[in-house]
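Please walk through this structure with an eye on its strands. How do they pair, and what surrounds them?

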Amino acid sequence: MAIPASTRKNFVRSTTVLLRLLQPAFAAGVVLAPVLLLTAVCAQALDEPQVVATERAKVQLEVITDGLDHPWGLAFLPDGRALVTERPGRLRIVDRTGKVGEPLAGVPIVDAVGQGGLLDVTLDPEFARNQRIYLSFAEPRGDGMNGTSVARAKLGPKGLEDVSVIFRQQPAMKGGHHFGSRLVFGRDGNLFVTLGDRNSGRDKVQLLDNHVGKVVRIDRDGNAPADNPYLKQAGALPELWSIGHRNIQGAALDPATGELWTNEHGPKGGDEMNRTLGGRNYGWPLVTYGMEYSGKPVSNKTEAPGLEAPAHYWVPSIATSGLAFYTGTAIPAWKGSVFVGGLKSGDLSRLEMRDGRVVGEERLFGEAIKRRIRTVVNGPDGALYLLTDESEGQLIRVTAAK
Ligand SMILES: [Ca+2]
């Protein structure tokens, strides 16, 4: 019988620990075999689904695979398989048994530096007809510069075909920070792309002549739709949707209203979740609940007229990434909750919503997962799926405990 890779790894880990603990016993002449038998049993137990009691529901966590290298984006195909990006620049398909496929051919060259690389993936709303997908990535732009770009491609039997870059964040800059980026289709078939401030581009975030620290809205060819909010403003780039963001790595539509919601990394303290409406200014760096990493203030204001206040903020920061309104059926008590991953906190935040407002927060799985949670997505089976940002990155299924 084949032993799954994760079991083998756990076996090696737990064996090493036990051997260290039992060294005195070996010195006294104890036989090795019973120890190995014991550790094999322990290793088996680690791979069983973990049952966790939460405020609203008893759920189970199943590690579908731990064979992903810094996975970032996840989109389910109509047949239930998962299309997963790995930040170093690979796109793979994970089947329903957890088998991780070979990297697909045709992925654009990425600048896998710092936080950069291959980032999000989403399917065309008409994927069943056109097999198109969209990828966001840190693109090398020459002279040591890079920037977030969006590619469109057809998912063929052996990999990507007809690959074209339909959007490029302007201007290109140097560095490995704050690329964003999530891809979310609106109900009207236009695509939202979330873009970071590149860390060194903070002075550009409040200006309309660039894509730094913005959400943009484009059609499926990369053009600005005719009803974009800044279209008639002199000097403004036509793709702009909202401004004043620091680094958005979580985004989803509210299933009740169709509105875009996003979360963004604050500086030290001050991560935010925002109902992200067109033509609005979300305030970075004029207002924030955070401070510089050095402890110095970014601004002495947390709110100001004309700047949108966050729907929720975190002090200290959890390092927000991934956002999903739970729409599944597997855990009925969670319906309508918003889930936000924490990279630094290593847990999953469940936000309880009422009339479009956050009325409570529960932190989940800090003990059970203890890994950087990068992505949260609704599965076609009604379960919630998580990706962990590690070299042995996991795909985890969260469903009701049996
Ligand atoms: Ca803000």
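What follows looks at one buried strand and its partners, then at a sheet further along the chain.

The model is predicted. Start at strand 12, residues 214-218. Is this strand buried or exposed? Five of its five residues are buried, so strand 12 is largely enclosed by the rest of the structure. Buried here means that 20 or more other C-beta atoms lie within 10 Å of the residue's own.

Now look at the side chains. In a regular strand they alternate between the two faces of the sheet. Lys-214, Val-216 and Ile-218 point one way from strand 12. Val-215 and Arg-217 point the other way. All of them are buried, Lys-214 and Arg-217 included.

Strand 12 pairs with strand 11, residues 191-194, through four bridges. The two run antiparallel. Thr-194 sits opposite Val-215 of strand 12. Strand 12 also pairs with strand 13, residues 240-243. That pairing is antiparallel too, over three bridges. Here Val-216 faces Leu-240 of strand 13.

Move on to strands 18 to 21. These four strands form an open sheet in the order 18-19-20-21, with antiparallel pairing. Which strands stand at the edges? They are strand 18 (320-325) and strand 21 (357-364). Each has a single partner strand, so one side of each is left without a neighbour in the sheet. From one strand to the next, the twist averages 25°.

Inside this order, strand 19 (residues 338-342) pairs with strand 20 (residues 348-354). Four bridges join them in the antiparallel sense. In one of these pairings, Val-338 has Leu-351 of strand 20 as its bridge partner.

Methods. Residues are numbered from 1 along each chain as its sequence is written. This is a predicted model: local features need pLDDT of at least 70, side-chain atom pairs count only at pLDDT 80 or more; totals for chains, interfaces and linings use all residues. Two strands pair if DSSP finds at least two bridges between them. Axes are lines fitted to C-alpha atoms, for helices over the stretch in contact, and angles run from 0 to 180 degrees between N-to-C directions. A residue is buried if 20 or more other C-beta atoms lie within 10 Å of its own, exposed if 12 or fewer, and partly exposed in between; C-beta atoms are placed from the backbone.
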